[in-house]
Amino acid sequence: MNRLLETFSDYYNQQDFRLFQNTLAQKVYETLGASYSNSDGEVKMVTDLCKALEGKTYGRLKFHATKIHGSRSFVEFHNQDKPTTKELADMVIISVATKNRDIVYEKTAFIQNKKEDTKNVWKIDQDQLYLLHNFPTFKGEKGIFRKNFNDEVVFQNHSETLGNYGLLQSPGEMVLVNALTVFRFQQGGKILFSDVRKYSHTKNNNFSFPLIDYPFWDEMLYRYFKHFPKYSFPFLNLPFLGNSIVSFNIYEFIRNWSLFNIGEVVSVCDKVANYDLWNFNRILLRNAGLSEFINLKTERQEHEFDNNLAIMVVHLNLDDEKR
């Protein structure tokens, strides 16, 4: 963990790293702007987004992004007492750090992307919102979960940032906001940008106190504050490995993602926080081509992947020599 904390500490203080983040954000703006001007739908916009991110690197950090075209994946769950079938999400964002090919830290976020229906207004499917907000126990009805999980699937959402929405906005903007915030501020099945902006977004929102309950977090906090004390208590002004609830624009999204501030913690070192999500991550990482760089061995080595899904991964390689 020392190497992870030291690397992010160094990057955060490097002007070249901020320049890299800004340049990458500008590239994404150009890509989404072109898609929006061509009246492309969400699938084309996400595909173009993957192309813009694929292969971008800074030091030990590398972005992998691929849009896999296949069957849509549906899951069965209960919305209150009503049996319901919905698609979980159309994009997954993974942040993963490795040492000697072994994963030492990983986070995951499910994203449902939506273009605005009218200016700064998005209609929200209430069943899917219920799924992304609550993550009730579900079964695979069609697609990746049905083919790879025999039993019911249980995902923890300790940070309330496992389920999210990518609100695509004219002329080529994206607001990333967690499902809980959408639930809180929606009106009549719609979420307005003006309502999302009401959210009190400060650096303190990038830290979730419940994470301290994780068995590994006490040691991680100790190491964090030891190596980066100026961001410690009482301000909790953590610039990386935090918990971002909302990114209001592409610049915030790229900065948060490249600093591992997006999504739910899946594992730290050898300690797994969520086994179903841990297994699912390995299926996604393998199909995104990361097995070349990461040890992805699991009890079940053969997995079936037939899904219409964008997989976007930022990989921090902590080896002594950059591969």
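This is a short exchange about how some labels in a predicted model are justified.

Colleague: Why is Asn-261 called buried?

Modeller: Its relative accessible area is 1%. Buried means under 20%. Asn-261 therefore counts as buried.

Colleague: Where does Asn-261 sit?

Modeller: In the loop between helix H9 (250–258) and strand E13 (264–268).

Colleague: Which residues does Asn-261 touch, leaving out those up to four places away in sequence?

Modeller: Lys-107, Pro-239, Phe-240, Leu-241, Gly-242, Asn-243, Ser-244 and Asn-256. Take Gly-242: Asn-261 is 19 residues from Gly-242 in sequence, but their C-alpha atoms are 4.5 Å apart.

Colleague: What makes the pair Asn-261 and Leu-241 a polar contact?

Modeller: The side chain of Asn-261 reaches the backbone nitrogen of Leu-241 at 3.2 Å. The cut-off for a pair of N or O atoms is within 3.5 Å, and one atom must be able to donate a hydrogen and the other to accept it. At 3.2 Å, the distance satisfies the cut-off.

Colleague: Why is Gln-80 called exposed?

Modeller: Its relative accessible area is 64%. Exposed means over 50%, so Gln-80 qualifies.

Colleague: What is notable about the phi of Gln-80?

Modeller: Phi is near 60°, a positive value in a residue other than glycine. Gln-80 lies in the turn of the hairpin formed by E3 and E4, which have 2 residues between them.

Colleague: How do you know that E3 and E4 pair?

Modeller: Pairing needs at least two bridges. Strand E3 (residues 74–79) and strand E4 (residues 82–87) have 6 bridges, in the antiparallel sense. They therefore count as paired. Within the pair, Val-75 stands opposite Lys-86 in E4.

Colleague: Which residues of E3 make up its covered face, and which its uncovered one?

Modeller: Val-75, Phe-77 and Asn-79 are on the covered face. Phe-74, Glu-76 and His-78 are on the uncovered face.

Colleague: Why is Glu-160 called partly exposed?

Modeller: Glu-160 has a relative accessible area of 30%. Buried is under 20% and exposed is over 50%, so 30% falls in between. Glu-160 is in the loop between helix H5 (144–148) and E9. Phi of Glu-160 is near 65°, again a positive value in a residue other than glycine.

Colleague: What kind of peptide bond joins Ser-170 and Pro-171?

Modeller: A cis bond, with omega about 5°. Pro-171 is in the loop between strand E9 (163–169) and strand E10 (173–178).

Colleague: And for the protein chain, how many residues are there, and what share count as buried?

Modeller: There are 323 residues, and 57% count as buried.

Key: Residues numbered from 1 in each chain as written. Predicted model: local features only at pLDDT ≥ 70, side-chain atom pairs only at ≥ 80, totals over all residues. Heavy atoms only, no water. Buried < 20%, exposed > 50% of the residue type's maximum accessible area, 1.4 Å probe, protein only. Helix = DSSP H or I, 4+ residues; strand = E, 2+ residues; numbered from the N terminus. Contact = heavy atoms within 4.5 Å.
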